[in-house]
Amino acid sequence: MTAPQTSQALARLMCEATETVLWRPARDWIQYREPGSELTCRIGSGQATYHQFDPRSRRHQITFGRKMVTATFDSVDCQPWLSTREIRQRHYFRGDVSTLHLLAHTCCHEFAHLLQHVSNGRQRGSVHNTTFYRILDELHASGGSEGVKDCLLERARAAGLDLPTEPMTLPTLEAPPAPAFEVGDTVRFPLKDSERKGRVIRVNRKTCTVEGTGRWRRYRYRVPPSLLSKL
């Protein structure tokens, strides 16, 4: 089987594991919160992997990119990924990064976005927030991630697919980033010779957009998180 065929087949197993191990046990609770909702998992031709929800059909869709699966076989390609950092910094799977662990964690990561949506924990400009990581932590702590991992490994072996389980050799882990800010946080920050206060209204990769409060309520500022302090 060629590499593209292997990646296609493993992506299909990710769809099956997500639906069987994660969706089915949670389906009744999700439909209680969101009547009529269903889940479809699909394979994308590129690297993009994501969750989306169509409010008209009440359908959740999780896409697993075939090229993403291919990249999990290369420690250089997957080193800068958020999923890799999450496994190492949050000590999922004991902090060991392997192709198997990356695929299992990716299933959990995208399903956590589904649960985050159902729980109304996803806010504009604040996606990977405290609510998201609480849900993702619970998926790992409850055994959901181990169930996905075991399902992937068992079905891959039954199909004769190459699915590496050995931990990758990666550079020394950097110190975890400073606590993230969320939309709605009240903060203070220095500006010139004074201190200003406001409320976070958007969180980007490198800056937060802060809407001033009090005497600065008509102003907006783009501030690096390193300069912000929560009130």
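This section describes the overall build of the chain, the packing of helix 1, the aromatic pairs and several individual residues.

The structure is a predicted model. The chain holds seven helices and eight strands, and its C-alpha trace spans about 65 × 45 × 30 Å along the principal axes. Of the 231 residues in the chain, 43% are buried. Among the contacts with a sequence separation of 6 or more, 53% join residues that are 24 or more positions apart.

Helix 1, formed by residues 3-33, packs against helix 5, formed by residues 99-118, and also against helix 7, formed by residues 144-158. In the pairing with helix 5, the axes come within 10 Å and cross at roughly 25°. Helix 1 is therefore roughly parallel to helix 5, since angles under 35 degrees are assigned to that class. The crossing of these two helices is right-handed. On the side of helix 1, the contact is made by Leu10, Met14, Thr18, Leu22, Trp23, Ala26, Trp29, Ile30 and Arg33. Helix 5 contributes Leu103, Thr106, Cys107, Cys108, Phe111, Leu114, Leu115 and Val118. By residue class, this contact of helix 1 with helix 5 comprises 14 nonpolar, two polar and one charged.

The axes of helix 1 and helix 7 come within 9 Å and cross at roughly 135°. The two helices are therefore oblique to each other, and helix 1 passes helix 7 in a right-handed crossing. Helix 1 takes part in this contact through Leu10, Leu13, Met14, Glu16, Ala17, Thr20, Val21 and Leu22. The partners in helix 7 are Gly144, Gly147, Val148, Cys151, Leu152, Arg155 and Ala156. The residues of the contact of helix 1 with helix 7 divide into 10 nonpolar, three polar and two charged. Leu10, Met14 and Leu22 of helix 1 appear in the contact with helix 5 and also in the contact with helix 7.

The aromatic pairs in the model number three. One of them joins phenylalanine 132 and tyrosine 133 in an edge-to-face arrangement, with 5.0 Å centre to centre and 80° between the planes. Phenylalanine 132 is buried, with a relative accessible area of 0%, and tyrosine 133 is buried as well, with a relative accessible area of 15%. Another pair consists of tyrosine 219 and tyrosine 221, whose rings lie 6.5 Å centre to centre with 35° between the planes, a tilted arrangement. Tyrosine 219 counts as partly exposed at 42% relative accessibility, whereas tyrosine 221 is buried, with a relative accessible area of 12%. Together with Phe189, Tyr219 and Tyr221 form one aromatic cluster.

Within helix 5 lies histidine 113, which counts as buried at 6% relative accessibility. Residues up to four places away in sequence aside, histidine 113 touches His51, Arg122, Val127, His128 and Phe132. One of these partners, Phe132, also belongs to the edge-to-face pair with tyrosine 133. Histidine 113 and valine 127 are separated by 14 residues in sequence and by 8.3 Å in space, C-alpha to C-alpha.

The loop between helix 4 (82-89) and helix 5 includes aspartate 96 and phenylalanine 93. Aspartate 96 is partly exposed, with a relative accessible area of 30%. Its contacts, not counting residues up to four places away in sequence, are with Ile87, His101 and Pro167. Aspartate 96 and proline 35 are 61 residues apart in sequence and 38 Å apart in space, C-alpha to C-alpha. Phenylalanine 93 is buried, with a relative accessible area of 4%, and has a positive phi of about 50° although it is not a glycine.

A positive phi, of about 60°, is also found at arginine 58, likewise not a glycine. Arginine 58 is placed in the loop between strand 2 (50-54) and strand 3 (59-65). The relative accessible area of arginine 58 is 30%, and the residue is partly exposed.

Notes. Residues numbered from 1 in each chain as written. Predicted model: local features only at pLDDT ≥ 70, side-chain atom pairs only at ≥ 80, totals over all residues. Heavy atoms only, no water. Axes fitted to C-alpha atoms, helices over the stretch in contact; angles between N-to-C directions. Helix = DSSP H or I, 4+ residues; strand = E, 2+ residues; numbered from the N terminus. Parallel < 35°, antiparallel > 145°, perpendicular 65-115°, else oblique. Left-handed = near helix turned anticlockwise from the far one by under 90°. Contact = heavy atoms within 4.5 Å. Nonpolar A, V, L, I, M, F, W, Y, C, P; charged D, E, K, R; others polar. Phe/Tyr/Trp six-rings, centres within 6.5 Å; stacked < 30°, edge-to-face > 60°. Buried < 20%, exposed > 50% of the residue type's maximum accessible area, 1.4 Å probe, protein only.
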